[in-house]
Amino acid sequence: MPVFVDFYRECLILLRDNLLAVAPEEGCALLLGEKKKSFQHPNEPYWQIQRIWPCRNVWAPSFSEQFEQSSITENTTRAGLSRLNRYVIDPLEQLDAQRWARKNNLEILGSAHSHPRSAAIPSLTDQELSFAPGLKVIVDGQGHVRAWWVCRNRTSEEIQIKHLSQY
């Protein structure tokens, strides 16, 4: 788990702009970069996001029927599910991002998505459907960005976001 996440140069601005551009639907992206160690604190690894890979939200009602049984509650019916409150990253884009990252000596460090109508906090569905452990960045409708580490037990811990690189 990284101690903090560093968004290289304009990556934070690009992430926010891309995810909010599709509002009121949820936007999604992959985060590409490198795992690094601080020279000042070598026991404190951080992850540097160097590229934002915007993705299409391909969520469809059939997805909830196959994978979301446990997260559908009395308050959320299948009829209330849509791309306004759900997202799925296109698997073909994930493969393209993985190939590109390998060719460019980077790796997929995590994913990001937007919550246009709620806080930048992982929902129960986000936690249940995440590949844990893993990095998840969420942008709310006002553009606030927060980073989270989704643990194996499907809980989340907030990770600090820093901006170490200069333009």
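Here are four short exercises on this structure, each with a worked solution.

Before you start, note that this is a predicted model, where local features need pLDDT of at least 70, side-chain atom pairs count only at pLDDT 80 or more, and totals for chains, interfaces and linings use all residues. Residues are numbered from 1 along each chain as its sequence is written, and side-chain values use heavy atoms, with hydrogens and water left out.

**Exercise 1: the fold on paper**

Work out how many helices and strands the chain has, and in what order they run.

Solution. Start with the DSSP runs: helices are H or I with at least four residues, strands are E with at least two, and both are numbered from the N terminus. That gives four helices and seven strands. Now read from the N terminus: β-α-β-β-α-α-β-α-β-β-β. Next, take contacts (heavy atoms within 4.5 Å). Of those between residues at least 6 apart in sequence, 65% join residues at least 24 apart.

**Exercise 2: one face of H1**

Find which residues of helix H1 are buried and what covers them.

Solution. First, the cut-offs: buried is under 20% relative accessible area, exposed is over 50%, and partly exposed is in between (1.4 Å probe, protein chains only). In H1 (residues 11-21), Cys 11, Leu 12, Leu 15 and Leu 19 are buried. Down the axis of H1 these residues fall within an arc of 100°, so they line one face of the helix; the arc is taken over directions from the helix axis to the C-beta atoms. Their cover includes strands E1 (4-7), E2 (28-37) and E3 (45-55), along with E4 (107-115), E5 (134-140) and E6 (145-150). Over the chain, buried residues make up 42% of the 167 residues.

**Exercise 3: the cysteines**

Count the disulfides, then check Cys 28.

Solution. A disulfide is a covalent bond between the sulfur atoms of two cysteines; the search criterion is a pair of cysteine sulfur atoms within 2.5 Å. Searching the whole structure turns up zero. For Cys 28, the nearest cysteine sulfur belongs to Cys 55, 5.5 Å away. Cys 28 counts as buried because its relative accessibility is 3%. Cys 151, at 11%, counts as buried too.

**Exercise 4: placing Asn 104**

Where does Asn 104 sit, and is Asn 104 buried or partly exposed?

Solution. Asn 104 is in the loop between helix H3 (91-103) and E4. Its relative accessibility is 36%, so Asn 104 counts as partly exposed. Now look at its side chain: a polar atom there lies 2.8 Å from the backbone oxygen of Trp 100. Finally, go to Gly 33, 71 residues away along the chain: the two C-alpha atoms are separated by 9.6 Å.

Definitions and conventions:
Polar contact = N/O pair within 3.5 Å; in protein donor to acceptor, adjacent residues only side chain to side chain.
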